[in-house]
4 protein chains.
Amino acid sequence: MTAPTDKVDAILAAALALFVERGYHGTAVPSIAEHAGVAAGTIYHHFASKEELVNAVFRRWKERIAHEVHAGFPASAPPREQFRAIWNQMAQFALANRDAYTFLEFHHHASYLDDANKALDAGLKQFAAMVVGRAQASGIIKPVNPVLLMELTFGAFNGMMRAHYEGRIVLDAAMLADAESACWDAVAGREA
Amino acid sequence: MTAPTDKVDAILAAALALFVERGYHGTAVPSIAEHAGVAAGTIYHHFASKEELVNAVFRRWKERIAHEVHAGFPASAPPREQFRAIWNQMAQFALANRDAYTFLEFHHHASYLDDANKALDAGLKQFAAMVVGRAQASGIIKPVNPVLLMELTFGAFNGMMRAHYEGRIVLDAAMLADAESACWDAVAGREA
Amino acid sequence: MTAPTDKVDAILAAALALFVERGYHGTAVPSIAEHAGVAAGTIYHHFASKEELVNAVFRRWKERIAHEVHAGFPASAPPREQFRAIWNQMAQFALANRDAYTFLEFHHHASYLDDANKALDAGLKQFAAMVVGRAQASGIIKPVNPVLLMELTFGAFNGMMRAHYEGRIVLDAAMLADAESACWDAVAGREA
Amino acid sequence: MTAPTDKVDAILAAALALFVERGYHGTAVPSIAEHAGVAAGTIYHHFASKEELVNAVFRRWKERIAHEVHAGFPASAPPREQFRAIWNQMAQFALANRDAYTFLEFHHHASYLDDANKALDAGLKQFAAMVVGRAQASGIIKPVNPVLLMELTFGAFNGMMRAHYEGRIVLDAAMLADAESACWDAVAGREA
DNA sequence: AATGAATGAGGCTTCATTCAT
DNA sequence: GATGAATGAAGCCTCATTCAT
């Protein structure tokens with residue numbers, strides 16, 4: 001009765017946990033196998049190489065967060081609400097999937113990410129930049145390079161998440177709202 | 001006529017470049033030696049292990065950026081100016097030392113950083129949080145957890161730098177000023 | 001409607017092709033399965049092990065060439081004609097079954113051939129040596145160790161075939177006749 | 001006082017012995033190291049890969065035999081004597097270096113030989129074909145494709161050596177002379 | 001101090017074989 | 001009989017580290 005994906009799931013989960021802890025290069029494939037409860041060779045039935053495995057891990061989670069952000073995006077709401085929606089979706093994801101978020105955002109993937117994943121990565125940022133750009137047209141957002149504003153906001157969000165993960169702050173609903181509000185102030189036009 | 005530090009410098013420089021490119025675990029000591037133009041054994045005359053070497057690299061640059069930020073800090077200026085000063089010091093450093101900044105801020109050091117370096121790392125953030133806290137007392141800064149505000153600001157700065165490094169924006173003086181101003185808006189009180 | 005031997009044939013054919021190309025030790029059983037269009041497990045329904053498979057391949061072809069040489073052997077013809085007949089039978093086989101001949105004659109089987117196959121191998125040579133020995137009795141063949149003469153002739157034939165396979169000569173009927181004649185001169189008595 | 005080549009020599013010798021016994025693909029690098037009395041990693045200080053090692057083994061011996069054949073070649077002697085000289089040089093080499101000769105001539109190298117070695121291999125045969133061709137001009141040799149005659153002769157020689165190695169004949173001076181004489185008869189013109 | 005050959009444990013990956021379906 | 005996922009031992013190779021020079 002075991003679903004055929006069980007082992008693949010176990011491998012992906014073990015890989016994520018170990019990559020987060022020790023980094024891609026610092027993680028041995030046999031140790032992934034051990035944590036997943038499968039034989040080392042089994043990993044190679046499902047992934048052609050360690051590199052393909054790390055890309056599968058990346059893709060799985062990047063697609064998931066992108067899906068959640070898009071799914072929760074209120075396309076016809078005013079910018080202020082759209083901003084809050086994206087912020088909250090991401091926070092919900094990042095709080096519920098610490099390892100995945102840490103891996104996606106706080107690890108350097110340059111030496112192994114494939115093109116499809118690089119495109120995936122760029123896609124979410126383009127969406128966010130487009131949202132900012134559109135809001136700008138209605139004068140609600142500062143007349144500043146929208147990509148810059150988007151990167152500042154994502155960066156701030158990541159700074160907050162990392163501080164939370166590392167225990168320097170404890171994110172509760174109030175603090176999350178404070179942070180969201182502060183970041184809106186960063187991008188909002190003077191008289192917003 | 002070569003001073004003995006020349007080789008140490010070459011080793012540290014080669015190590016930094018390779019760690020940035022491939023990560024700590026992905027970088028072989030012999031390849032550091034080759035890039036530095038020394039024999040592999042030479043590295044072990046100056047550093048007891050690969051781990052000690054990576055800590056030396058981290059320390060060197062973390063101390064340097066901390067020194068520059070402190071040196072350029074206008075202790076008696078108003079908060080708005082202090083904020084700008086820190087921002088500009090860091091930008092100057094990050095623009096002039098891309099590899100070092102990338103290594104310090106965008107790599108996961110958890111698996112090898114020694115305690116001294118962890119303390120170093122925490123120190124700069126504590127200083128910044130203290131600056132924010134003090135400014136808050138004068139009502140210029142939002143009455144929000146100062147650590148949160150500091151982390152948001154550092155995060156935004158890092159988001160900006162990474163976007164610059166990766167070519168999504170091109171930081172010039174104007175854009176840097178826009179970014180700084182936006183981040184000030186994030187932390188500034190409503191009536192600032 | 002497929003006869004059960006179809007798969008066995010496909011396996012034997014794929015095994016031969018791959019053994020010739022990469023050698024026994026260099027060929028993976030799963031790759032044989034893939035080339036044969038069957039599952040890896042299927043091979044183990046028909047052959048107990050990789051070693052048994054390679055012995056089956058060897059046996060199949062060694063028996064076939066032995067059969068053809070014997071079938072075409074003119075037992076009551078004069079030695080000169082018998083020599084030519086064997087030569088031509090072998091040439092016909094070797095030209096029609098390049099992979100098989102290459103595998104049988106130009107690969108080192110010592111590390112896996114079973115006793116039955118070793119006996120098979122020896123059998124054909126013994127037959128040829130016997131033919132030479134008998135001809136010698138009639139004075140047509142040099143009074144030299146018949147095994148030596150036989151090995152020289154087989155060696156010459158193999159040298160010719162390898163040169164043909166590798167493109168250094170192009171065997172046509174005339175050249176084949178030249179070669180056969182030259183080799184007869186090697187074994188024939190002075191006044192033949 | 002140990003010459004620096006000692007380890008390289010030991011590795012090459014162990015590799016030859018094992019390749020002859022088990023074939024290239026059937027021989028494990030660690031087992032070569034063990035037989036050579038060095039650590040596995042040491043092999044990789046001297047040879048970039050197993051493939052480079054096998055090519056080094058091939059080159060070393062192919063050059064050696066080529067050197068001996070050329071060195072012993074009586075350039076101004078009559079063809080009959082040149083033929084005998086080459087034959088004897090090769091026999092001397094093949095008898096003194098059984099493993100090397102077996103490896104060079106009785107193993108299939110197609111899947112790993114590099115271009116330089118393929119050229120080396122072709123070189124000796126071209127030399128021999130040229131000798132045959134020249135002798136042909138003086139009418140002493142059959143008016144038959146000289147490459148064919150050369151390949152037949154080499155093949156016969158190899159057949160003889162293999163029979164000797166495998167114990168079907170025991171080559172002494174007399175038998176060697178018989179064989180040489182028979183092969184000369186194969187290539188010599190009718191009235192030679 | 002500097003060298004770089006040597007080491008051998010350990011990493012990534014392959015593959016002969018098994019077994020539940 | 002046929003399948004192919006799974007196994008884990010073993011293979012090729014890398015690399016942190018040592019040491020004789």
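**Helix H8 of chain D**

I began with the length of helix H8 (residues 146-165) of chain D in this predicted model. At 1.5 Å a residue, its 20 residues should span 28 Å, and I found the end C-alpha atoms 28 Å apart, which agrees. Next I asked myself how many residues of H8(D) are buried. The count came to 18 of the 20, so the rest of the structure largely encloses this helix. I then looked just past the helix and found D:Gly167 following H8(D), with a positive phi near 85°.

**Confidence in chain A**

Before going further I checked how far to trust chain A. Its pLDDT averages 94, and 96% of the residues score at least 70. Where in chain A is confidence lowest, and where is it highest? My notes say lowest in helix H7 (residues 115-137) of chain A, at a mean of 93, and highest in helix H8 (residues 146-165) of chain A, at 98. I keep a reminder here that predicted coordinates should not be read in detail where pLDDT is low.

**Where chain A meets chain B**

I looked up this interface next. On it, 34 residues of chain A are in contact with 35 residues of chain B. Two elements of chain A give two or more residues to this side: H8 and helix H9 (173-187). The largest share, 13 residues, comes from H8(A). I sorted the residues of chain A on this side and got 18 nonpolar, 10 polar and six charged.

**How the copies are related**

I superposed chain A on chain B, and a rotation of 180° with 0.2 Å of shift along its axis did it, at an RMSD of 0.1 Å. The same surface serves both copies, as 100% of the contact residues of chain A recur in chain B.

I did likewise with chain D and chain C. Here a rotation of 180° with 0.1 Å of shift along the axis superposes D on C, again with an RMSD of 0.1 Å. That is the relation of a two-fold axis. In this pair too the same surface serves both copies: 100% of the contact residues of chain D recur in chain C.

Which chains did I find that do not touch? Chain A and chain C do not, with their nearest C-alpha atoms 12 Å apart. Chain B and chain C do not touch either, and their nearest C-alpha atoms are 31 Å apart.

**Around the DNA strands**

I turned to DNA strand E and found 32 residues around it, of which B:Ala39, B:Gly41, C:Val29, D:Gly41 and D:Thr42 come nearest. Among the elements giving two or more residues to this surface are helix H2 (29-36) and helix H3 (40-46) of chain A, and helix H3 (40-46) of chain D. Which element gives the most? I noted H3(B), with five residues. By type, the surface near strand E divides into 17 nonpolar, 11 polar and four charged residues.

For DNA strand F I counted 31 surrounding residues, and the closest are A:Gly41, A:Thr42, B:Val29, C:Ala39 and C:Gly41. H3 of chain A and H3 of chain C are among the elements that give two or more residues here, as are helix H2 (29-36) and H3 of chain B. The surface near strand F divides into 17 nonpolar, 10 polar and four charged residues.

Key
Residues are numbered from 1 along each chain as its sequence is written. Chains are lettered from A and ligands numbered from 1 in the order in which they are written. This is a predicted model: local features need pLDDT of at least 70, side-chain atom pairs count only at pLDDT 80 or more; totals for chains, interfaces and linings use all residues. Copies are superposed by least squares on the C-alpha atoms of residues with pLDDT of at least 70 in both. Two residues are in contact if their C-beta atoms, placed from the backbone, lie within 7 Å. pLDDT is the predictor's confidence in each residue, from 0 to 100. Helices (H or I, at least four residues) and strands (E, at least two) are DSSP runs, numbered from the N terminus. The expected span of a helix is 1.5 Å times one less than its number of residues. A residue is buried if 20 or more other C-beta atoms lie within 10 Å of its own, exposed if 12 or fewer, and partly exposed in between; C-beta atoms are placed from the backbone. Ala, Val, Leu, Ile, Met, Phe, Trp, Tyr, Cys and Pro count as nonpolar, Asp, Glu, Lys and Arg as charged, and the others, Gly among them, as polar. A residue is near a molecule or strand if its C-beta atom, placed from the backbone, lies within 6 Å of it.
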